[in-house]
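Hi,

Here is the structure I promised to pass on. Please open it first, then read my notes below.

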Amino acid sequence: MKPARFDYIRTGSLAEAHAALAKDGDDARIIAGGQSLVPMLSMRMARPAVLVDIMHLSELAKIVVKGNAIRVGAGVRQAALLAWPELAERQPLLAAALPWVGHAQTRSRGTVCGSVAHADPSAEIPLALLALKGGVELSSQRERRRVPAEEFFTGLLSTARSDNELIEAIDIPCRTAGHGYAFREFARRHGDFAIVACAAVARADGVRLAIGGVADVPTARDFPDIGGNALDDALDEFAGELEPRDDLHATADYRRALVRRLGRATIEEARRCRV
Amino acid sequence: MPRLSADARHRVRFELNGRAVEGDAEPRMLLTDFLRHDLGMTGTHVGCEHGVCGACTVEIDGVPARACLTLAVQADGAKIRTVEGLAPAPGRLSVLQEAFRRNHALQCGFCTAGILMSLDYYLRHHPDPAEAELRDFLGGHLCRCTGYAPILAAALEAAGKLRETSAHA
């Protein structure tokens with residue numbers, strides 16, 4: 001057995017999960033699909049005293065369209081969202097990004113909200129959430145609040161969630177008529193974490209590009225409707241501000257080059273997709 | 001709300017290859033170790049133990065998943081299939097297993113149990129798969145011997161054989 005010891009609570013209701021978090025605070029961790037947390041436990045990078053399992057709460061396993069947004073509950077597995085018949089029509093960017101999340105064999109268990117909670121800087125779902133200006137619905141025994149994606153990811157594997165809160169759902173805006181969406185990623189092997197991932201939303205008057213895998217958090221930038229050298233220069237500047245670092249997988253220079261080339265290709269694809 | 005204590009072993013029951021099984025596990029015990037050490041089902045292999053290599057892939061409630069990313073206590077009440085459940089009878093191989101043998105789709109065999117579980121699932125749900133789909137699905141597995149080409153050949157051959165069988169049935 002590789003993980004350190006922990007108590008395990010299989011909650012029967014959301015109220016029980018809230019109560020467990022209220023009692024144990026930062027000693028407790030929510031577990032749903034476990035596809036990010038269990039490796040952290042096995043490597044002992046996480047050593048919670050108690051795991052609070054919310055995977056049996058059917059009320060959390062719902063995908064609903066509410067107003068102009070898709071609300072994805074904390075119990076929705078990545079495979080379930082990918083198989084949702086309305087996905088490509090409602091939000092093409094999400095439909096394009098999801099097949100890049102891990103492998104079919106991990107999407108079968110891993111949840112959409114779990115990936116957001118884990119906040120890996122190269123993960124695709126946080127990136128799409130940021131590009132689309134979605135939000136994170138947090139709840140605790142005392143209150144409920146919505147944090148915009150832009151404020152949620154605060155650092156490497158850290159978020160705006162308090163110790164007594166859980167992610168109950170995320171909301172992702174549906175597609176807007178006249179906007180174009182594109183997602184591209186470069187990794188050594190399909191299914192690996194991205195070396196650089198790009199998500200773009202093109203409008204008539206400009207484009208929003210979000211980059212994952214480079215800085216400690218996914219980062220988005222809005223550009224005016226520019227092309228040619230002006231766009232190259234703007235992407236250069238953006239790549240520099242992300243302060244890429246050398247690591248085992250790629251050098252900082254290589255990452256900067258990828259932001260320029262892949263970023264531009266993603267923007268151009270999003271513009272072509274505008275309808 | 002039951003709280004399972006970290007220091008004790010707790011009864012875990014699930015269905016394994018159609019049979020009810022049970023054993024005792026600490027909350028921190030991974031399903032891989034529970035299958036192998038407590039239930040003696042050593043067909044499921046333990047590779048990287050963090051979800052990357054795919055050697056421990058089993059079917060949990062009808063979908064392929066990593067046993068090393070699942071706690072034994074989470075599997076309580078589930079339906080689990082492992083490589084031991086593939087062969088139709090002792091001494092006989094499944095169509096997919098037979099195709100693996102014919103095509104040299106394994107050498108050391110370490111990754112094979114996981115790959116068989118993934119492909120068995122995939123062929124059941126996609127009887128006429130394109131090679132590209134199989135490649136994508138195989139992306140969740142690492143094999144350091146074969147170079148994957150014989151595995152793809154075996155999967156395509158098995159798909160063809162299974163289609164023939166179901167057409168005649």
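**Where the chains meet**

Two bridges join β1 of chain A to β1 of chain B (residues 3-4), and these two strands run antiparallel. One pairing to look up is A:Y8, whose bridge partner in β1(B) is B:L4. Keep in mind that this is a predicted model.

Now take the whole contact between the chains. In total, 30 residues of chain A are in contact with 30 residues of chain B. Which elements of chain A each supply at least two residues of the side that touches chain B? They are β1 (7-10), α2 (37-42), β3 (50-53) and α6 (104-107). The top contributor is β1(A), with four residues. So the strand that is bridged to β1(B) also gives the most to this side of chain A. By class, this side of chain A has eleven nonpolar, eleven polar and eight charged residues.

**Two helices in chain B**

Next, find helix α4 (residues 131-138) and helix α5 (residues 149-168) of chain B. They pack at an angle of about 125 degrees. Their axes are 10 Å apart. Why is α4(B) called oblique to α5(B)? The reason is the angle: about 125 degrees makes the pair oblique, because it falls outside the ranges for roughly perpendicular (65 to 115) and roughly antiparallel (over 145). The crossing of α4(B) and α5(B) is right-handed.

Here is who makes the contact:

- From α4(B): B:E131, B:L134, B:R135 and B:L138.
- From α5(B): B:I151, B:L152, B:A155 and B:L156.

Sorted by class, the residues of this contact are six nonpolar, no polar and two charged.

**Two domains in chain B**

The domain assignment splits chain B into domain 1 (10-85) and domain 2 (95-168). How far apart are the centres of the two domains, taken over C-alpha atoms? They are separated by 22 Å. The domains touch through 13 residues from domain 1 of chain B and twelve residues from domain 2 of chain B.

Look at the domain 1 side of that contact. Strand β4 (residues 57-60) of chain B gives the most here, with three residues. The class count for this side is six nonpolar, six polar and one charged.

I suggest going through the model in this order: chains, helices, domains.

Best wishes

Terms used
Residues numbered from 1 in each chain as written. Chains lettered and ligands numbered in written order. Predicted model: local features only at pLDDT ≥ 70, side-chain atom pairs only at ≥ 80, totals over all residues. Contact = placed C-beta atoms within 7 Å. Nonpolar A, V, L, I, M, F, W, Y, C, P; charged D, E, K, R; others polar. Pairing = 2+ DSSP bridges. Axes fitted to C-alpha atoms, helices over the stretch in contact; angles between N-to-C directions. Parallel < 35°, antiparallel > 145°, perpendicular 65-115°, else oblique. Left-handed = near helix turned anticlockwise from the far one by under 90°. Domains from an automatic or database assignment.
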